[in-house]
Structure formats: C-alpha cells, structure tokens
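Work through the exercises below with the sequence and the structure open. Each task is followed by a solution in steps.

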Amino acid sequence: MAGTRIEFRGVTKDFGDVRAVDNVTLTVEPGEILGVIGYSGAGKSTLVRLINGLDSATGGELLLDGTDVVGKSEKQLRAIRREIGMIFQQFNLFDSRSAAGNIEYPLQISGVKNRKERVEELLKFVGLAERGKSYPEQLSGGQKQRVGIARALAREPRLLLADEATSALDPETTQEVLALLRKVNEELGITIVVITHEMEVVRSIADKVAVMENGRVVEYGTVYEVFSHPQTAVAQRFVATSLRNTPDAVETQELLAKPGRFFTVNLTEESGFFDAIAPLRDAGVSINVVHGGITTLQEQSFGKVTVQLNGDDAAIDRFHKDMATRTEIEELSR
C-alpha cells in the first residue's frame, strides 16, 4: 500500500476576523511521518481538519494525491475520507461496545462482509488479540488508544491523522503507542500526520517537522535539521524542552559564580570541537565540561556542550574565534 501525498499550496483558513491558518505551503511525501508542533492556538488542529475536509480552506489549494479537496461537496469529501483514518486524544470509543465492536463499527457502516476476520487481524496487529471482548472501562489508556488505532486502520486507509494522540497517556505508554504508529508506517506504508505540543513525540516518530505559530509554518525540515539548528525562537523553545542540553538561567548564574570563562558550543559531526580544544591543552588551559548532551537522530549525532576554561586568555580567544568559523558558539556573560 502506498501512502497519500499531501500538498499545501498557500493554504489559509479564516474564522471571521481570525486567521487560523496563514499561507501554509509544504509537502508530505507518500509514506512519510510529519510532526506538526505548536503551542495552543497555533493552528495545528485546524490544519488537520482542513486535510480531512471537516473545515474548508478560505484560500489556496490542498491536494491529496493531486486532488484538491478545497471546495469539494460533502458527497465528494465522504469518498476522500474513506482513505483517511483518525486517531483522537480522548480515544472516542463507544462505551457500549467491546474493543472488537469498536473496531468493527466503521466496517459495519460501510457494509463490509467478513468483518470478524478483519477485526481479529487488527486486534492481533495492535497487540490486543486477547482483549477483543473487553469494554473500554476495562482497558488502560494505552489499550484504549490501541483500539483507536485499530479502528482507524479498519478500512485500510492510506493516510492517518493523529491529533494529540498521546497527550492523555503517561510517558511509558506514550512510547508504546508511538512505536505502534511507527510499525503502522513501516509495515503498511501509510502516511501519518501527527499533531502535538510535545517535541519528544516529534523526536521519537517523525521524519519531518513543521513548527507552527500564529497560523503560520515558521520552520520546516527534517527532524535532525530542526533539532540541531532551530532557526526560530519558538522552535528553540520546543527543542530546549526536549533536549535540555544548555544550562537554564539558574544554572548559568551558578556557573558564572565560579572562576574561568564559560562557552556553550553547538556540536555536530562537522564542528571539529575536539580538534579545536587540543591547542588549549597545549597552552595549559584547563578544560572542564560542566553541562551538555549528545543526541542521535536519523543516524546523525548532534548536541551542545558547555565548557569551563581557565588559563591563558589569548589562547581562549583563539579557540573562540576558531570555533565561530565552524559552528555556533556563545560565551556566557556575567
């Protein structure tokens, strides 16, 4: 199964005088996982509703496999939605139906025959083969979301939209659900759009990330690109919450109360940090790593390190100048 290709071309959405989505242009290739992240009110949930036609764009084009969904009739949209599965934050399960019954529901209303076999297949796929007769009140939050994912897969969609699908779950269960979504993507080839306000979710599952603020996509790229070199203030805040590889304000003041000079250096595979500190040692400068962290994403490593340097100021200045030609470096100021 090939996933859906999504293309936004200058898409806008107005609610009265409020512009919820503002001139969004981006492409999601078939089989990719796109993470859309932003704070409350950024426009990310509206973006999802535009994809499945629950809201109609005010302007621009929104193409699913080359078909513009903007301006389509409800009948035409119903046909398009058959190719789209939805996963919700609060699971949206029928309390009166068992797990199997919830999964069967979209098949039932579509008139699909041999539903039992399909339901059993899906229960096994999501790891709930023995819980088909259980009702939602008998399931944990993670199990409920697995049922929700199975239900979303029931009609064999080519696109999954997950709107804050892990926000109601604890961290361990969140990782289990994200692993299941990655399995869906890898084994079934389905395109997935994940809406979240948690950068850790993007880090765990996405191929590309779009950062939204005030209805606009202010940053877009691979997860590695955005995490290793965030260009906007909002992206930098999100990355900081996930990586914690720079000292916060309190930690900075505690460091600056100590002797020496302090530098935070952006580390990539090309930054040459360890080569650059060799002349410092030769000049008798003491080097102490006081903060930092290294992360590997999409088979590439990056991070930040804060170092305390004590010794010859001229040698330290040369190190600062050299590193500034290779990567981002900032001296912490008192």
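**Exercise 1.** In which loop is N92 found? The model is predicted.

Solution. Step 1: N92 lies in the loop that runs between β6 (84–87) and α3 (99–109). Step 2: the phi of N92 is near 55°, a positive value in a residue other than glycine. Step 3: for context, most residues other than glycine have a negative phi. Step 4: N92 counts as partly exposed because its relative accessibility is 43%, between the cut-offs of 20% and 50%.

**Exercise 2.** Locate E164, and decide whether E164 counts as buried or exposed.

Solution. Step 1: E164 is found in the loop between β7 (159–163) and α6 (171–188). Step 2: E164 is not a glycine, yet its phi is positive, at about 50°. Step 3: the relative accessibility of E164 is 10%, so E164 counts as buried; the cut-off for buried is under 20%.

**Exercise 3.** Sort residues of helix α11 by burial, and find what covers the buried ones.

Solution. Step 1: α11 spans residues 273–282, and F273, A276, I277 and L280 are buried in this helix. Step 2: these residues are on the same side of α11, because they cover an arc of only 90° around the axis. Step 3: the face turned away from that buried side carries the exposed residues F274, D275, R281 and D282. Step 4: the cover over the buried residues of α11 includes β11 (261–268), β12 (286–297), β13 (300–310) and α12 (313–324). Step 5: just after α11, G284 has a positive phi of about 80°.

**Exercise 4.** Write down the strand order of the open sheet of six strands, and identify its edges.

Solution. Step 1: the order is β6-β7-β8-β3-β9-β10, and the pairing is mixed. Step 2: β6 and β10 (216–222) stand at the edges; each has a single partner strand, so one side of each is left without a neighbour in the sheet. Step 3: on average, neighbouring strands of this sheet are turned by 15° against each other, direction ignored.

**Exercise 5.** Describe how β9 pairs with β10, then place the helices α5 and α9.

Solution. Step 1: β9 (residues 208–213) pairs with β10 in the antiparallel sense, over six bridges. Step 2: M212 stands opposite V217 in β10. Step 3: α9 (residues 233–243) packs on the sheet and touches β3 (33–37), β9 and β10, with its direction at about 120° to that of β9. Step 4: α5 (residues 141–153) lies across β6 and β7 and runs at about 170° to β6.

Methods
Residues are numbered from 1 along each chain as its sequence is written. This is a predicted model: local features need pLDDT of at least 70, side-chain atom pairs count only at pLDDT 80 or more; totals for chains, interfaces and linings use all residues. Side-chain values use heavy atoms; hydrogens and water are left out. Helices (H or I, at least four residues) and strands (E, at least two) are DSSP runs, numbered from the N terminus. Buried means under 20% relative accessible area, exposed over 50%, partly exposed in between (1.4 Å probe, protein chains only). The arc is that of the directions from the helix axis to the C-beta atoms. Contact means heavy atoms within 4.5 Å. Two strands pair if DSSP finds at least two bridges between them. Axes are lines fitted to C-alpha atoms, for helices over the stretch in contact, and angles run from 0 to 180 degrees between N-to-C directions.
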